[in-house]
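Below is a short note on the model you sent round. Please read it alongside the coordinates.

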Amino acid sequence: MASEGKAVYQPKDAISASVRSTMIVGGAGLFLSAVQNSLTRQNVTGWGVVTRTGGTIAAFAAIGGGYEFARVAAANLREKDDAWNPTIGGFVGGSIVGLRYRSFPAVLGFGALLAIIQGTFDYTGGKMTGFARDGGVDEYERTEQVRRNKRRPIEETLQELGEGRGIYGPGYQERRAERLKKRYGIDISQPA
């Protein structure tokens, strides 16, 4: 029985996740293969994407599919969703990268490298911005709260930056009209 404090792990479909990942990362490989094909010096046809640089498509698809399958299968077998699953998936994906070099040290090295990168990335929150914020708080309300806490008084802003550039203090129109009258002799009537 699961303890009351922990949620029960829900198994995921490893095959559908790996097929979806294979298609997405394979599409990225197709794009990269098209770029490689367009940068060749020889006059190759449009089929060169598949025939000449098609290994890129296959490598990307295999890496993406292998990573995702190993990650989801590890989560299902361990019945945990933690940072070790992307680490295991990263090792499988990196090993597929190392297979292109036909060397066992390359397989282990690339596997370990990608495992460390993926495991660390997931352990630190899985986002470039860090850990996920409180899910119970609306994002708009959170940003408004941050703005209210960090808002500076207009007097302080005017003192540091001065008026202009969209920053105008109270009584700006009157001061502007007086300044124009003094400097250029132009009388500007105030809007009603």
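The points below go from the whole chain to single residues.

1. Status and fold. This is a predicted model. Its secondary structure amounts to 8 helices and 0 strands, and the order along the sequence is α-α-α-α-α-α-α-α. The chain has a radius of gyration of 29 Å, well over the 16 Å that the globule rule gives for 192 residues, so it is more spread out than a compact globule.

2. Extent and packing. The C-alpha trace spans about 85 × 65 × 30 Å along its principal axes. Of the 192 residues in the chain, 27% are buried. Taking contacts between residues at least 6 apart in sequence, 42% join residues at least 24 apart.

3. Surface and charge. The accessible surface of the chain is about 14300 Å², and carbon and sulfur atoms account for 60% of that area. There are 25 positive and 19 negative side chains, with the centres of the two sets 10 Å apart.

4. Ser95. This residue sits in helix H4, which covers residues 84–99. Is Ser95 buried or exposed? Its relative accessibility is 10%, which is under the 20% cut-off, so Ser95 counts as buried. Its side chain reaches the backbone oxygen of Phe91 at 2.7 Å. Beyond the neighbours within four places in sequence, Ser95 has contacts with Val107, Phe110 and Gly111. These three partners fall within the range of helix H5 (104–123).

5. Thr87. Helix H4 also holds Thr87. With 19% relative accessibility against a cut-off of 20%, Thr87 still counts as buried. Which residues does Thr87 contact, leaving aside its neighbours within four places in sequence? They are Ala115 and Gly119, and both numbers again lie in the range of H5, 104–123.

6. Glu79 and Arg102. Two loop residues deserve a look at their backbone angles. Glu79 is in the loop between helix H3 (54–78) and H4, and its phi is near 55°, a positive value in a residue other than glycine. The relative accessible area of Glu79 is 58%, so this residue is exposed. Arg102 belongs to the loop between H4 and helix H5. Its phi is also positive, at about 55°, although Arg102 is not a glycine. Arg102 counts as exposed because its relative accessibility is 80%, over the 50% cut-off.

7. Gln145. Helix H6 (residues 139–150) contains Gln145, which counts as partly exposed at 37% relative accessibility. How far apart in space are Gln145 and Ile167, C-alpha to C-alpha? The distance is 22 Å, for a separation of 22 residues in sequence.

8. Ile188. This residue lies in the segment after helix H8 (172–184). At 29% relative accessibility, Ile188 counts as partly exposed. Leaving aside neighbours within four places in sequence, Ile188 makes contact with Arg176, Ala177 and Leu180, whose numbers fall within the 172–184 range of H8. Gly65 is 123 residues from Ile188 in sequence, and their C-alpha atoms are 71 Å apart.

Key: Residues are numbered from 1 along each chain as its sequence is written. This is a predicted model: local features need pLDDT of at least 70, side-chain atom pairs count only at pLDDT 80 or more; totals for chains, interfaces and linings use all residues. Side-chain values use heavy atoms; hydrogens and water are left out. Helices (H or I, at least four residues) and strands (E, at least two) are DSSP runs, numbered from the N terminus. The radius of gyration is taken over C-alpha atoms; the globule rule is 2.2 Å times the number of residues to the power 0.38. Buried means under 20% relative accessible area, exposed over 50%, partly exposed in between (1.4 Å probe, protein chains only). Contact means heavy atoms within 4.5 Å. Accessible areas come from the Shrake-Rupley method with a 1.4 Å probe; for residues, only the protein chains shown count as cover. Lys and Arg count as positive and Asp and Glu as negative; His and the chain ends are not counted. The place of a charge is taken as NZ of Lys, CZ of Arg, CG of Asp or CD of Glu. A polar contact is a pair of N or O atoms within 3.5 Å; within protein, one must be able to donate a hydrogen and the other to accept it, and residues adjacent in sequence count only if both atoms are side-chain atoms.
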